[in-house]
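Me: I'd like to go through this one with you and ask where the labels come from. Could you put it up first?

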Amino acid sequence: MNYNKKNIRDIDVAGKKILMRCDFNVPYDKKTGIITDDTRIVATIPTIRYLLDQNCAVILTSHLGRPKGEWKKENSLFSAQEHLEKLLGMPVPMTTDVLGPNTKEMAANLQPGQVMLVENLRFRKEEEKNDPDFAKELASLADIFVFDAFGCSHRAHASTAGVADYMPAVAGFLVEKELAVMGGALENPKRPLVSILGGAKVADKIGVINNLLNIADTIIIGGGMAYTFQKALGGDIGDSLLDEDRLNYARNMVAKAEEKGVKLLLPVDNKITKEFSADAEWQVVPAGEIPDGWMGMDIGPKSVELYTEALKDAGTVIWNGPMGVFEFDAFAEGTNAVAKALADLEGAITIVGGGDSASAVEKSGLADKISHISTGGGASLEFLEGLALPGVVCLNDK
Ligand code: AMP
């Protein structure tokens with residue numbers, strides 16, 4: 001997918017009123033409201049600062065969770081508001097309604113160099129329905145739309161795509177960087193391009209594998225999804241995760257990789273347990289030899305060796321999904337080893353898709369050794385699938 005979209009440097013924003021869609025949908029403690037990972041908020045600060053430096057009046061919008069059109073206290077953006085005030089060092093008043101009289105009054109009175117936040121857009125049903133009247137009303141608050149919510153770019157909602165029908169629409173710095181790094185990796189990668197895919201569900205990664213089979217030199221598969229492949233190749237997987245409906249697909253993928261000359265690596269051994277728990281006793285067995293009553297929880301040491309070796313000369317690496325149940329320390333070794341292999345690569349472009357692999361990298365303290373950690377879980381997967389992202393497609397062409 002080739003996006004050549006205008007960004008905030010391509011148009012004159014000076015002194016204008018800006019409607020900026022952010023992704024403040026961050027993990028937080030449901031009881032205290034305390035934000036547990038502020039990456040997505042921090043990532044939008046450069047765009048907000050740039051706009052304020054340009055003397056813009058900035059109206060920030062976002063969603064948080066899934067309140068499904070109802071006003072719910074636990075989905076209020078107040079924690080994001082407080083955090084933004086700290087990060088920006090200035091007041092960030094928040095509206096008491098969503099596009100009601102309070103929002104309209106606050107937006108109308110907002111002065112150049114000031115910033116405000118609209119409460120959770122998903123408190124209104126019209127948002128997720130991409131209601132055109134709602135989008136038009138939202139657009140009427142400002143002169144220019146700035147889209148910086150990469151994590152929501154795969155959603156065609158009123159605030160992500162709808163508003164672009166009614167006002168000039170450009171990308172913020174975060175969206176621009178995500179597109180440049182991931183787009184570059186897919187379109188003109190430094191080779192060899194190695195992709196590592198893990199996580200629980202084969203179904204989620206089908207489109208990605210399909211697309212990467214046309215682009216990558218090596219595809220490494222780990223995590224719960226690997227067992228469907230092992231079973232498809234005739235192995236015993238005991239009680240490991242299995243997607244019965246995708247056995248044929250897995251067989252086809254293995255054949256397609258062979259046909260295209262893409263190296264497809266599967267685990268050669270696994271750490272297995274009898275129960276799904278943090279302190280379960282485990283042992284290592286060769287892949288495809290998991291007895292009944294046992295389940296695979298992580299890749300084994302020989303797989304770690306194989307995968308580390310395959311990554312050694314990579315020019316570009318794209319990683320999405322953990323190698324095992326990394327939430328339990330005993331089964332985080334495979335995932336941590338992959339994180340370390342990426343961190344150790346010199347001169348390579350290393351890209352980690354959002355979600356679990358991103359938190360695994362953060363947890364292992366190696367984040368600053370990775371070229372790019374995407375802020376979009378679902379969005380980055382859809383990008384890797386080669387699908388059009390509605391939040392980006394709607395922006396003005398260069
Ligand atoms: P996904 O959302 O598809 O990327 O999957 C992430 C989840 O996959 C994490 O919560 C992991 O605990 C889980 N996972 C990875 N490997 C396994 C496995 N072997 N068995 C069960 N769950 C797994």
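What follows is a short back-and-forth about the ligand shell, some helix contacts and two backbone details.

Me: Before the details, what kind of model is this?

Reply: It's a predicted model.

Me: OK, the ligand. How many residues surround it, and what makes a residue count?

Reply: There are 16 residues around the ligand, and the closest include Ala200, Gly224 and Gly296, along with Glu327 and Asp356. A residue counts if one of its heavy atoms lies within 4 Å of the ligand.

Me: What makes the approach of Ala200 to the ligand a polar contact?

Reply: A backbone N or O atom of Ala200 sits 2.9 Å from a ligand oxygen. The cut-off for a pair of N or O atoms is 3.5 Å, so the pair qualifies.

Me: And which ligand atoms do Gly224 and Gly296 approach?

Reply: Each has a backbone N or O atom by a ligand nitrogen: the distance is 3.1 Å for Gly224 and 3.0 Å for Gly296. Both values fall within 3.5 Å, so these are polar contacts too. As for cover, the ligand taken alone exposes 500 Å², and the protein buries 80% of that.

Me: Which elements give two or more residues to the shell?

Reply: Those are α7 (202-212) and β13 (295-299). By class, the whole shell has six nonpolar, five polar and five charged residues.

Me: Now α7 and α13. How do you know that they touch?

Reply: Asp204, Lys205, Gly207, Val208 and Asn211 of α7 meet Leu381, Leu384 and Glu385 of α13. Contact means heavy atoms within 4.5 Å, so these residues have partners inside that limit. The classes there are three nonpolar, two polar and three charged.

Me: How do the axes of α7 and α13 run?

Reply: They come within 7 Å and cross at roughly 35°, and the crossing is left-handed.

Me: What about α6 and α13: is that crossing left-handed or right-handed?

Reply: Right-handed. The axes of α6 (residues 173-187) and α13 come within 10 Å and cross at roughly 30°. Leu179, Met182, Gly183 and Leu186 of α6 make the contact with Ser380, Phe383 and Leu384 of α13. That contact has five nonpolar and two polar residues, with no charged ones.

Me: Where is the cis peptide bond, and what is its omega?

Reply: The bond joins Arg191 and Pro192, with omega at about 0°. Pro192 is in the loop between α6 and β6 (193-197).

Me: Last one: what is the phi of Asn55?

Reply: Positive, about 65°, although Asn55 is not a glycine. You'll find Asn55 in the loop between α1 (39-53) and β2 (57-61).

Key. Residues are numbered from 1 along each chain as its sequence is written. This is a predicted model: local features need pLDDT of at least 70, side-chain atom pairs count only at pLDDT 80 or more; totals for chains, interfaces and linings use all residues. Side-chain values use heavy atoms; hydrogens and water are left out. A polar contact is a pair of N or O atoms within 3.5 Å; within protein, one must be able to donate a hydrogen and the other to accept it, and residues adjacent in sequence count only if both atoms are side-chain atoms. Accessible areas come from the Shrake-Rupley method with a 1.4 Å probe; for residues, only the protein chains shown count as cover. Helices (H or I, at least four residues) and strands (E, at least two) are DSSP runs, numbered from the N terminus. Ala, Val, Leu, Ile, Met, Phe, Trp, Tyr, Cys and Pro count as nonpolar, Asp, Glu, Lys and Arg as charged, and the others, Gly among them, as polar. Axes are lines fitted to C-alpha atoms, for helices over the stretch in contact, and angles run from 0 to 180 degrees between N-to-C directions. A crossing is left-handed if the near helix is turned anticlockwise from the far one by less than a right angle, and right-handed if clockwise.
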